[in-house]
Each structure stands twice: as C-alpha cells, then as structure tokens.
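Thanks for making room for me this morning. I would like to walk you through one model, going slowly through its charged pairs and a few of its buried residues.

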Amino acid sequence: MQEEIISIKNEAIAQITAASEISELENIRIAYLGRNGKLTTLIKRIKEVPQNQRVQFGSTLNDAKKTVESLISSQKNSLQNSVREWFDPTIPGIKPKIGHIHLITATIDKISEVFGRIGFERMRYPEVEWDFFAFEALNMPVAHPARDEWETFFVDVPENAKYGKIVLTPHTSNGQVREMLRVKDPPIRMVNIAKCYRRQSDISHSQMFHQFEGLVVDKNISVVNLKGTLDYFAQSFFGKDRKTRLRPYHFQFTEPSFEIDISCGVCKGKGCKVCKAGWLELGGAGMVHPNVLKAGGIDPKKYSGFAFGWGVERVLMMRSGLNVPDLRVLYSPDLRFLTQF
Ligand code: PHE
C-alpha cells in the first residue's frame, strides 16, 4: 500500500511539472485530490492495511496529499508570473554609443609613434617633482631670475636638503637629467611626454597642459642633428611640404638656444592671414648645456646633445587647424565638443 501511495504521488508530480496551462492544473487537482480523486479515495482502503500499520499509512497518505497540493499551487503561481518572451527581429536594434580616444591622447600616441620610428624611447617622468630636476639641475640655481618664466606651483611640504622644494613640474625638461641618470652611458634618445602645470589660466592657457620633450645625447651631436630631427618631425607630423626654422633665443639649460618655427601650412611660408609672416612658432630647443650634462653624470667633453620641448595642445591645434575659442574646452567632458572628432 505504501508503494502505491508513492507511485500515485509521483505520477501526480510528473503531470504537474509538465502542465503548461492553469486549467490543466485544476484538472490534475480534481483527479488526485477531488472527492473521487486518486489520493482521496485511497483512504477507503485503510481496511486492507494491518492494524499496526494504519497510523503509518495515514501519515504517508497525508504527506502525499500535502506535497501534491503545494506543488500545484506553486506551479500555478509561476505560470501566472511567467512573461512570455518573444523576439521581434523587425524592431530596430539599440546601438550603444561608441566613444573614441581623446584628441590629446591621440596626439600623444602620434607623437610617440613618429619619434619611435627614429629610435626615441617614450618616457614619462614625474609631474610632482623636486625643484632640483625642474630647475637646479637645469642650470637654474635657487633664486635665479630665469625661473620666473615658469610660473610654478610649489607644494607645501618641508624641503629636502639635496633636492629642495617639491613643485608641480612646469615643463617636461625635468626629464632630461632624470633620463641621463637612468641611462648613464649614452646614446640617449628619449621623448618624455607628461602633464605640466603653470599658474596661468585664460582662454589660451590652462593650469594643466602637456609637453613633449626630446633629448638626444651621444658623441658628435650638433645643431645639424637637431635641425634634421625637427624637419623629420615637422614633415611626419604636419605634412611633407613643411619646413622648420631656428631663431636665436635663450634658455638656461641649452646653449645655443633656439625658438623653432614651422612654415605655415596655409601659405607655405609666403605670408598670409593665419601666420602673418609665413611662419608659426612651435616652441623651444637647443644644445644641452654642459652644466646639465654634468648634473646628469655625463662628461661634456666626450658627449654633446640637443633637447626640445613643445606643447602637445599647441601641435594638436596646429595640425588639425582646430580653432577653439577657449583652450580649456579640450579638458571639459562636453560631448557636444568631443563627439565632433
Ligand atoms: N622647457 C622649455 C619650456 O618649457 C622648452 C625647452 C625644452 C627649451 C628643451 C629648450 C630645450 O619652454
């Protein structure tokens, strides 16, 4: 008898779990638990069960009825709640917005790639830096007036006996001596691209901007190598027909020093509204000062070098012809601007 109860129960369970309509479940309930249901009527056969097994029989039967009852109700619930999924292939898809590399990052990648092709190693030196690397090692002792040109942020922490104060580096030239100390034995060919900070903020200046610093140190490096490298960069980055020009200038850490101009892309050097005299100013460069080589542990009698440091934002604007009314838009998360590129 016990087995019979179990097998009827299992039969009911199989039907319930296979049911896909609520009405089906109702029929199953009647078939098993209704007045004449298979489980209900089993009680009548209690007479056939030996006296001492009747309690056991009653409880097995009750358990079976409860199990079937609760399974029917939970199955009903889940049929009621199930949302019918269907797929309509004619509905237009949801197209996620795809972003792209930021203009400045793309420019940095391009600069690294152009210099990488002629063997310059991409470096990135500290943006929070010792005064020593940002100034002192660059032939600008403490209180030297040339420092005024770099409107520097100082970090309010105690000075270090050897390296001095901590600054937010106002130019990537801090990487020069750091690279010399890292490499020790020339040749050195690096391009340090990093953020710089200066106390200036208006439509054409931002307190944070980017520079890329080139440094080459080897035997017999002369201005010819500098000029050749600059022309290579100008032509690879701006276009085949561009030329560079060196104008005498002064930096404490280069001797001689130059300002570099590039021929205007619009008038090709003849002079137009964009450039006025045919040339656009790129940035500073020069032959590494012997004192800087010495600070980097390199013998200026054996080696010489050149360096240049230009603004990433500047070359980006010059390359793209982008004429933003306010430079700071480059750093804003304004999608109306960013999605145009
Ligand atoms: N560091 C200089 C600046 O910020 C640029 C420069 C770099 C000049 C290397 C000469 C050599 O203006």
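Arg336 is exposed, with a relative accessible area of 68%, and in this predicted model its side chain meets that of Asp334 in a salt bridge, with 2.8 Å from N to O. The partner, Asp334, is partly exposed at 24% relative accessible area, so here an exposed arginine is paired with a partly exposed aspartate. As a general point, side chains of opposite charge can pair when their charged atoms come close.

How many salt bridges does a search of the whole structure find? The search finds 19, and I will take two further examples from among them.

The next pair is Arg182 with Glu121, whose side chains meet in a salt bridge at 3.5 Å, again N to O. Arg182 belongs to helix 6, which covers residues 174–183, while Glu121 belongs to strand 1, residues 121–123, and so this pair ties together parts that are 61 residues apart in sequence. Arg182 is partly exposed, with a relative accessible area of 40%, and Glu121 is likewise partly exposed, at 41%.

While we are at helix 6, please look at its buried residues, which are Asn174, Gly175, Gln176, Val177, Glu179 and Met180. Just after helix 6 comes Lys184, which takes a positive phi of about 65°.

Let me turn to the pair formed by Asp261 and Arg245, a salt bridge in which the closest N and O atoms are 3.0 Å apart. Because Asp261 lies in strand 8 (residues 254–263) and Arg245 in strand 7 (residues 244–251), the pair ties together parts that are 16 residues apart in sequence. Is Asp261 buried or exposed? Asp261 is buried, with a relative accessible area of 3%, whereas Arg245 is partly exposed, with 31%. These two residues also belong to a network of salt bridges, in which Arg245, Arg247, Asp261 and Glu281 are linked.

Asp261 comes up again when we look at Leu282, a residue of strand 9, which runs over residues 279–288. Leu282 counts as buried, at 2% relative accessibility. Which residues does Leu282 touch, if we leave out those up to four places away in sequence? The contacts are Phe238, Ile260, Asp261, Ile262, Trp310, Arg314, Val315 and Met318, so that the list holds Asp261 and Arg314 alongside residues such as Ile260 and Val315. For another view of the surroundings of Leu282, consider Gly309: the two residues are 27 residues apart in sequence, and their C-alpha atoms are 9.2 Å apart in space.

Some of you will want to hear about the cysteines. Cys264 counts as buried, at 1% relative accessibility, and Cys267 is also buried, with a relative accessible area of 10%. The structure holds zero disulfides, and neither cysteine should therefore be drawn in one, given that a disulfide needs a pair of cysteine sulfur atoms within 2.5 Å.

Finally, the overall layout. The chain is divided into domain 1, residues 2–84, and domain 2, residues 103–338. How many Å separate the centres of domain 1 and domain 2, taken over C-alpha atoms? The separation between those centres is 85 Å.

Technical notes
Residues numbered from 1 in each chain as written. Predicted model: local features only at pLDDT ≥ 70, side-chain atom pairs only at ≥ 80, totals over all residues. Heavy atoms only, no water. Buried < 20%, exposed > 50% of the residue type's maximum accessible area, 1.4 Å probe, protein only. Salt bridge = Lys/Arg side-chain N within 4 Å of Asp/Glu carboxyl O. Helix = DSSP H or I, 4+ residues; strand = E, 2+ residues; numbered from the N terminus. Contact = heavy atoms within 4.5 Å. Domains from an automatic or database assignment.
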